[in-house]
Amino acid sequence: MTGWVGRPLARKEDARLLAGRGRYLDDVCRPGQLHAAMLRSPHAHARIAGLDAREVAAIPGVHAVLTGADAAALSHPIRPLIPTAVPLDDWCLAVDRVRYAGEPVAAVAAVDRATAEDALETIRVEYEPLPAVVDPEAALRPDSPLLYPALGTNVLWHDVLAYGDVAGAFARADGVLRERFEIQRYASTPLETFGAIAEYDAGLDAYTFWTNDQRPGLTLAILADSLGVPQSRLRLITPDIGGAFGNKRRPAYLLVCALLARRAGRPVKYVEDRLENLGALMHACNGVMDVELAYRSDGTMLGLRVRDVADEGKNLISPTQHNLIKLGNIVNGYRIGAVSYEAYSVLTTKCPSGANRGIGKPFMCFAVERAVALLARRLRLDPAELRLRNYVAREEMPYTTPPGAQYDSGDYAATLRRALERFDYRGWRERQAHARAEGRLLGIGIATSVEPAGTNLASYELITGRRAASGSAEAAMVRLEPDGRVRAALGDPACGQGYETVVAQIVADELGLTPADVHVERGFDSATTPWLYLSGNYSNKFSVTDVGAVVGAARAVRDKLLRIAAHRLEAAVDDLELAEGQARVRGVPGRGLPLRELARTAYADVLGLPPGEPPGLEARHAHQNPLAQPLGADRTVRSQLVFSNAAHCCLVEIDRLTGMVRILRHVVVHDCGRELNPLIVEGMVHGSTVHGLGAALLEEFRYDANGQLLTSTFMDYLKPTAADVPDIEVDRLEHPSPFTPLGAKGVGEGGSIPAPAAVASAVEDALAELDVTVRSLPITPERVWRWLRGR
Amino acid sequence: MTVARVRLRVNGHAVERTVAARRSLADLLREDLGLTGTHVGCEHGVCGACTVLVDGRTARACLLLAVQLEGAEVTTVEGLTPPEGLSVLQESFRECHALQCGFCTPGMLATAHELLAENAAPTRDEIRAAIAGNLCMCTGYVNIVRAIELAARRLAR
């Protein structure tokens with residue numbers, strides 16, 4: 001069968017988005033809707049000695065006010081995804097203490113946003129400032145100021161996990177490379193900011209939320225807990241979502257809207273402004289990593305010791321995530337037999353950290369790939385050759401890494417070789433020599449990576465000691481409507497990934513239709529979409545779980561169609577096929593029934609159904625990826641499930657006068673298994689890679705010693721523009737995963753993981769005459785300028 | 001609160017409204033006229049999501065006050081869209097997969113529209129320079145550049 005899956009189909013959703021007919025959160029308006037604004041702490045750390053909001057209510061246009069004390073009286077603390085050792089009460093507004101500049105302490109709902117913002121100015125807050133703690137290493141020390149004195153420490157997790165004979169590997173080594181690397185705070189900053197509308201129905205004691213929250217399963221659980229209402233009385237709907245990349249979730253803001261809506265008796269909308277978004281929503285953890293790499297003089301890598309300090313900011317929802325996810329790619333694509341990982345997850349008085357394209361893996365890859373590049377320098381080996389000597393071979397798949405990740409498929413050496421070929425590596429090494437002779441600073445950088453997909457929540461048992469959630473799963477619905485056309489829905493709300501197209505391709509193949517016949521709901525609606533606690537748009541999971549859910553639901557409908565058709569046509573099910581909108585007897589032209597006719601039977605003429613067959617043509621299916629396992633007795637952990645891989649080759653030139661790094665070429669060869677829609681896949685690779693380039697050269701949430709964010713607008717938190725980045729050149733290999741229904745693997749995070757390391761190596765290579773070592777990012781012109789001038 | 005009467009044309013239609021002096025053009029378009037195709041991404045004039053055409057030239061709807069638009073001709077994405085189907089530029093964006101989440105797209109279309117009106121055959125570098133004031137967080141710009149090139153070729157025919 002020549003199917004729809006695998007074709008580079010233009011997207012179904014684009015017609016509306018291009019015409020300005022998308023419907024994003026701020027486009028949704030409810031009758032009588034009020035607008036909320038939040039009063040936020042100017043201090044990074046302070047005790048709230050008093051808060052007086054009595055004047056607010058008298059202001060014309062103000063309908064409700066909510067303080068931290070109100071929140072504590074009206075709601076329950078927010079339930080974390082990963083609980084801390086001592087339960088810490090954390091409400092939707094700060095109650096007696098603020099722990100980062102920008103933390104909300106009160107909220108007002110008024111007739112419009114401007115009135116609400118004006119009203120905030122009448123709220124008097126008496127702060128008693130406390131010392132900020134900004135540096136994660138300082139936060140580890142026993143004398144550090146504490147965010148939560150009840151905890152007795154800022155450290156949320158500290159452990160040493162060892163896998164394989166680490167001491168033996170280091171004893172056998174000819175040498176050990178020791179380096180310290182740092183990563184800055186950055187974020188993918190979706191162009192649409194986060195927001196929500198809450199509407200309270202007093203008659204039903206029920207709430208409806210519209211939000212661009214990308215992980216509704218978890219959020220619904222938090223809302224039910226905090227509001228103290230059954231989940232059956234909560235409804236959450238996602239409209240079109242203007243990008244997410246992990247950042248878009250903050251159940252606290254939904255709670256603020258809900259409590260204000262209940263007070264005001266009217267729907268309440270809150271949409272972040274960009275200042276609030278950059279300063280208070282979510283940053284990727286900054287951190288420090290000490291790496292020791294044991295090697296033999298021929299370049300064989302034997303063992304890896306890592307000490308990793310992840311700076312969580314004030315993250316109580318999902319701390320330790322950045323640490324734990326690193327176990328999935330700690331040895332990258334290399335056959336390193338022994339690994340020790342010492343993890344610190346530490347609180348500081350900064351914006352909460354959280355999910356951001358790749359979660360922890362970009363830093364892990366940066367550290368390992370930098371170490372590999374430095375080892376190549378030390379051993380005077382070509383960095384490509386060193387990698388080729390150490391890759392897990394294709395024949396070894398599925399390969400289990402020391403910490404327990406299973407690499408399911410792929411040919412890492414072939415990926416790199418293809419990248420070198422596409423880049424013309426040999427040719428550019430020659431051209432580089434000529435350029436250097438002319439005094440130009442031209443550099444070539446290579447980085448390769450594995451790209452894990454799907455999260456297994458059982459891995460958090462390593463930290464919490466108990467299993468609250470586990471595995472990786474998603475749910476979907478496929479319904480052949482009475483008119484013979486299809487409606488499908490998925491528990492994973494798309495945030496730009498084109499599910500309306502890809503899901504339609506998959507369902508069309510299963511039911512013998514065309515994608516035009518399949519309508520995929522634009523978002524998530526908890527009242528109609530099947531969903532799980534695990535539902536959401538995260539962790540690169542579409543190919544790992546969502547596809548299985550869609551395929552399972554479609555096949556249930558297909559099987560039922562075939563049974564009804566067999567009954568109607570008096571044929572055997574095995575002799576039938578679905579094709580061209582019909583159920584027909586294979587090889588017997590003219591003997592078939594259109595799906596519309598079978599739908600008529602299923603919905604209207606139900607006496608025509610086979611005996612015992614229930615009416616209707618709707619199936620709901622939840623798919624659990626079979627690779628997820630409970631925590632191993634030896635503390636091995638399959639934190640992520642299916643592995644794509646990529647090789648990046650980057651060519652940079654540095655301006656000696658200004659220190660400006662210009663990326664001349666960036667070649668990506670990647671392998672995400674079977675590509676369900678190559679057009680969409682390539683777009684993801686472009687976008688994800690540019691996220692990595694931004695982290696490499698431009699982006700940093702920089703704090704001063706008092707915990708004040710210095711880069712809080714797009715004027716100083718710099719994103720890559722079209723003029724900053726080259727055309728990303730993409731090629732691909734396709735080694736399907738044996739562990740996903742259609743052989744597809746994750747693709748959304750791939751570019752962002754190795755790109756920073758590739759750029760860093762290219763810059764270092766360009767500055768070879770200065771013997772510079774790049775240990776941190778971003779590589780700003782100022783830093784390069786200082787290197788060039790020996791300062 | 002200071003209010004003022006403002007008369008302008010939006011997508012070819014005469015509009016007359018009394019607006020608070022502090023309301024932006026984006027507020028007027030989105031909230032008063034229901035033209036939600038214009039998106040607001042940063043409210044400080046950097047991201048370009050709210051870019052519209054004012055008398056044929058691009059402008060940030062978040063940085064203009066509605067009262068400044070007296071007598072102006074404003075064109076939004078709704079006005080750039082033909083009554084049926086898509087424009088050549090929009091169709092090129094669709095075919096080249098030049099959008100993912102779609103939030104930057106209306107502003108990007110306005111900027112590309114202005115570019116192609118001034119320069120019928122822009123080079124890649126000219127395209128990149130022209131759209132450098134419009135942030136896209138999804139596409140890495142590659143396909144946007146391709147789409148504008150394709151539209152230029154098609155419009156030249």
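These are my notebook entries on one contact between chains, one residue and one set of domains.

Entry one, the contact between the chains. I kept in mind throughout that I was reading a predicted model. I looked up how chain A and chain B meet, and found that the contact takes 43 residues from chain A and 42 residues from chain B. On the side of chain B that touches chain A, I noted that α2 (77–80), α3 (88–95), α4 (105–118), α5 (124–130) and α6 (142–156) of chain B each supply at least two residues. The largest share of that side comes from α3(B), with 4 residues. Sorting the residues of the side of chain B that touches chain A, I found 21 nonpolar, 15 polar and 6 charged.

Entry two, Glu114(B). I found Glu114(B) in helix α4 of chain B, and I asked whether Glu114(B) counts as buried or exposed. Glu114(B) counts as partly exposed, because it has 17 C-beta neighbours inside 10 Å, whereas a buried residue would need 20 or more. Setting aside the neighbours within four places in sequence, I saw Glu114(B) in contact with Leu53(B), Arg57(B) and Thr58(B). Its C-alpha atom is separated by 36 Å from that of Met1(B), which is 113 residues apart from Glu114(B) along the chain.

Entry three, the domains of chain A. The domain assignment gives domain 1 (17–130 + 191–244 + 248–280), domain 2 (286–458 + 630–788) and domain 3 (473–624). I looked up the C-alpha centres of domain 1 and domain 2 of chain A, and they lie 36 Å apart. The contact takes 18 residues from domain 1 and 19 residues from domain 2 of chain A, and the side of domain 1 that touches domain 2 divides into 11 nonpolar, 4 polar and 3 charged residues.

Definitions and conventions
Residues are numbered from 1 along each chain as its sequence is written. Chains are lettered from A and ligands numbered from 1 in the order in which they are written. This is a predicted model: local features need pLDDT of at least 70, side-chain atom pairs count only at pLDDT 80 or more; totals for chains, interfaces and linings use all residues. Two residues are in contact if their C-beta atoms, placed from the backbone, lie within 7 Å. Ala, Val, Leu, Ile, Met, Phe, Trp, Tyr, Cys and Pro count as nonpolar, Asp, Glu, Lys and Arg as charged, and the others, Gly among them, as polar. A residue is buried if 20 or more other C-beta atoms lie within 10 Å of its own, exposed if 12 or fewer, and partly exposed in between; C-beta atoms are placed from the backbone. Domain bounds come from an automatic or database domain assignment.
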